[in-house]
Amino acid sequence: MASGFKFDFMPIPHAELLGIAFSIITVCIAAICHYFGRKPRGCLNPEKFQEFRLIRKAPVSHNVAKFTFALPTPTSVLGLPVGSYIICRGKDSEGREVSRPYTPITLDSDVGYFELVIKMYPLGKMSHHFRDMQERDLLAVKGPKERFKYKPNQVRAFGMIAGGTGITPMFQVTRAILENPKDKTNIQLIYGNTTSDDILLKEELDNIARNFPSRFQVYYVLSKPPEAWNGGVGYISKQTIQNHCPAPAPDIQILRCGPPGMNKAVAACLNALGYTSNMQFEF
């Protein structure tokens, strides 16, 4: 007697299927554009707000989400130079217009879309707008606004010191460096937060560290760490910087981005350690 086998397949939600298809299509388009040497034209306008549709809102933690916005066509790029940011416009809880700067975590090698990682503070005016956004809503954006001008191999190494959402420009620059085979710059990142749940892009950062172990190191510092924690404890100090950043030299640079109090404290530490003003940049 022949025996039959029945296979049960777990159904994939329609939204997830769309997300998978979207990812495959954009990767294929990027490869085609790269192969034929075509660089799509950027979509941004530095003087005029333009609207982009939200196609995916994925929670990262209790108050953080990743927002994916579609560009006009599957071959479009945002047109954002490395080290630049965009201005996003929305409405606060009182219906008043508000705008804030944000750094996308995507590059122009990501065609057809761009992504923002947003921490939504309880009383934040623009946070209210992002918290209320639903898929298919439109976001008004203008730019690019240049903040840090970067060219490959401009330094031997970067030390990066980030706090909270200050990780986004560091992530952007890191990706641009490590995805360019002609760029040999090394990176040492110190990333400070309050709790482990506050660490943004941790999975992505850990993947980069695994893929580029000789060129990228990340050291996490928490002021309220869990019991089982092997990273830094407390706040970023002179000793932390000495142990996890390149030493002062003409061919290195320290980038910092975080809350005002952290930036001020880190600047004092860097000055005390002998990093000149030319060796420092604050986003």
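P59 stands opposite A65 of strand β2, a handy place to enter this predicted model. A65 also looks the other way across the sheet: in β5, its bridge partner is I118.

**The antiparallel sheet**

Strands β1 (residues 50–61) and β2 form a hairpin with 2 residues between them. On its other flank, β2 is paired with β5. What does this mean for the exposure of β2 (residues 64–70)? Of its 7 residues, 6 are buried, so the strand is largely enclosed by the rest of the structure.

Step back and you will find these strands in an open sheet of 6 strands, ordered β4-β3-β6-β1-β2-β5 and paired in the antiparallel sense. Its edge strands are β4 (97–102) and β5, each of which pairs on one side only. From one strand to the next, the twist averages 40°. Strand β1 also pairs with β6, and there the bridge partner of R53 is L138.

The pairings described in this report that come with a bridge count are collected here.

| Strand pair | Sense | Bridges |
|---|---|---|
| β1 (residues 50–61) and β2 | antiparallel | 7 bridges |
| β2 and β5 (residues 113–119) | antiparallel | 7 bridges |
| β1 and β6 (residues 138–146) | antiparallel | 4 bridges |
| β7 (residues 157–163) and β11 (residues 252–257) | parallel | 6 bridges |

Helix α2 (residues 125–132) lies across β1, β2, β3, β4, β5 and β6, and runs at about 80° to β3. For a residue-level view of this region, try V98, which is found in strand β4. Is V98 buried or exposed? Its relative accessibility is 8%, so V98 counts as buried. Setting aside neighbours within four places in sequence, V98 is in contact with C88, R89, G90, K91, D92, K125 and M126. K125 is 27 residues from V98 in sequence, yet their C-alpha atoms are 7.0 Å apart in space.

**The parallel sheet**

A second group of strands makes an open sheet of 6 strands in the order β10-β9-β8-β7-β11-β12, this time with parallel pairing. At the edges stand β10 (232–233) and β12 (280–282); each has a single partner strand, so one side of each is left without a neighbour in the sheet. Strands β7 and β11 are paired over 6 bridges, and M160 has L255 as its bridge partner in β11.

Helix α4 (residues 202–211) packs on this sheet, where it touches β8 (186–193) and β9 (216–222), its direction making about 145° with that of β9. Helix α6 (residues 260–272) lies across β7, β11 and β12, and runs at about 160° to β11.

**A closer look at helix α4**

Which residues of α4 are buried? They are L205, D206 and I208. Seen down the helix axis, these buried residues fall within an arc of 155°, so they line one face of α4. An α-helix has 3.6 residues a turn, so residues three or four places apart point the same way. The buried residues of α4 pack against α3 (167–178), β8 and β9. Turn to the face away from the buried side and you meet the exposed residues E203, R210 and N211.

Methods: Residues numbered from 1 in each chain as written. Predicted model: local features only at pLDDT ≥ 70, side-chain atom pairs only at ≥ 80, totals over all residues. Heavy atoms only, no water. Pairing = 2+ DSSP bridges. Contact = heavy atoms within 4.5 Å. Axes fitted to C-alpha atoms, helices over the stretch in contact; angles between N-to-C directions. Buried < 20%, exposed > 50% of the residue type's maximum accessible area, 1.4 Å probe, protein only. Arc of directions from axis to C-beta.
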